[in-house]
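Here are a few exercises to work through with your viewer open. Try each task yourself before reading its solution.

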Amino acid sequence: TLQLDEVKVTWIQDNAKERLMERTLFADADDSLIESLKLQGGIPSSMSAFLVETGGIRILFDTGMGAPDSRLLSGLASLGITPSDIKYFYLTHFHGDHIGGMMKDGKVVFPKAEVYASKAEYDAWMKMPADKRAQVETTMNAYKDRLHLFAFGDTLPGNVVPMESIGHTPGHTVYKAGKLLVIGDLFHGYALQKDHPEICAQYDMDKTGAIKSRKYYLQYARENGLVMAGMHLPVPAFAE
């Protein structure tokens with residue numbers, strides 16, 4: 001847990017086993033670079049969610065994979081929080097390791113949560129082929145009475161501002177809360193990409209956009225003295 005002025009943020013690790021991103025996911029990286037960084041065996045990573053307390057409310061950012069061994073719910077329980085206690089969650093994007101924890105056995109996991117997501121992300125996924133959007137469609141329909149689609153730059157409850165960081169997905173969102181920047185999947189292999197933001201993981205849907213977003217927010221965080229919380233940053237999932 002970090003306290004950043006009026007914002008308190010707690011890291012919740014969803015992955016039960018150690019998580020390494022395979023070298024093959026980063027085809028743009030030269031072997032010589034990988035070797036010089038001693039990353040041939042893989043790049044340390046995590047699958048994470050964050051609980052943020054700000055402006056008198058508690059917000060969950062992303063919900064992990066929802067795998068049988070996922071640790072989001074046990075992580076919340078260790079903080080004395082049940083799924084019904086979560087009144088807000090904000091999604092960075094709609095990949096399965098971010099929305100998977102919203103459903104279990106076809107049922108809603110967070111019965112009282114107001115869900116916030118980017119309209120750009122929602123609209124783009126709804127236009128994808130049926131097989132690609134199946135999980136997204138089912139999940140968003142299950143929460144549809146409590147789903148709020150925002151435009152980048154809106155101010156959300158808790159004084160949180162969603163910022164455009166498209167590239168990894170068509171509506172990928174970075175969130176700013178005080179001195180905290182929740183960066184979603186700007187990085188998959190931080191040890192490699194922090195000094196080489198031009199290198200993409202194959203998960204980035206639009207490489208040009210992903211590189212631009214990565215470079216922009218690295219600079220933005222440094223210039224403004226922000227702490228980055230990333231869903232795949234290595235333990236403890238924060239970077240400055």
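The exercises below concern a predicted model, and each is followed by a worked solution.

**Exercise 1. A helix and its surroundings**

Task: Compare the span of helix α5 with the expected one, then find where the helix kinks and which elements cover its buried residues.

Solution:
- Start with the length: α5 covers residues 130-142, which is 13 residues. At 1.5 Å a residue, 18 Å is expected, and the distance from first to last C-alpha is 17 Å, close to that value.
- Next, follow the axis. A kink of about 30° is centred on Val136.
- Now look at burial: Val136, Thr139 and Met140 of α5 are buried.
- Finally, see what lies over the buried residues of α5. The cover includes α3 (96-99), β8 (103-104), α4 (119-126) and β11 (147-150).

**Exercise 2. An open sheet**

Task: Work out the strand order of the sheet that contains β14, and say which strands stand at its edges.

Solution:
- Trace the strands in order: β12-β13-β14-β15-β16, an open sheet of 5 strands with mixed pairing.
- Then check the ends. β12 (161-164) and β16 (238-239) each have a single partner strand, so one side of each has no neighbour in the sheet.
- Recall how such pairs are held: strands of a sheet pair through backbone hydrogen bonds, either parallel or antiparallel.
- Apply this to one pair. β14 (residues 180-184) and β15 (residues 227-230) run in the parallel sense over 4 bridges, and Gly184 of β14 stands opposite Gly230 in β15.

**Exercise 3. The largest pocket**

Task: Describe the volume and lining of the largest pocket.

Solution:
- Take the volume: the pocket holds about 210 Å³ of space.
- Then list the lining. It has 14 residues, and those nearest the centre are Gly66, Ala67, Ser70, Leu73 and Lys104.
- Last, assign elements: α2 (72-78) and β8 each supply at least two lining residues.

**Exercise 4. Backbone oddities**

Task: Lys38 and Ala237 have positive phi without being glycines. Is each one buried or exposed?

Solution:
- Begin with Lys38, whose phi is about 55°. This residue sits in the loop between α1 (31-36) and β4 (43-45). With a relative accessible area of 70%, Lys38 is exposed, the cut-off being over 50%.
- Turn to Ala237, with phi of about 70°, in the loop between β15 and β16. Its relative accessible area is 0%, so Ala237 is buried.
- While you are in that loop, look at Pro236. A cis peptide bond joins Val235 to Pro236, with omega about 5°.

Note on methods: Residues are numbered from 1 along each chain as its sequence is written. This is a predicted model: local features need pLDDT of at least 70, side-chain atom pairs count only at pLDDT 80 or more; totals for chains, interfaces and linings use all residues. Side-chain values use heavy atoms; hydrogens and water are left out. The expected span of a helix is 1.5 Å times one less than its number of residues. The bend at a residue is the angle between axes fitted to the seven residues ending there and the seven starting there. Buried means under 20% relative accessible area, exposed over 50%, partly exposed in between (1.4 Å probe, protein chains only). Contact means heavy atoms within 4.5 Å. Two strands pair if DSSP finds at least two bridges between them. On a 1 Å grid over the protein atoms alone, a cavity is a set of points where a 1.4 Å probe fits but cannot get out, and a pocket is an open set with protein on both sides within 12 Å along at least five of seven lines; lining residues have an atom within 4 Å of a point. Grid points are joined across faces, edges and corners, and a volume is the space filled by probe spheres set on the points.
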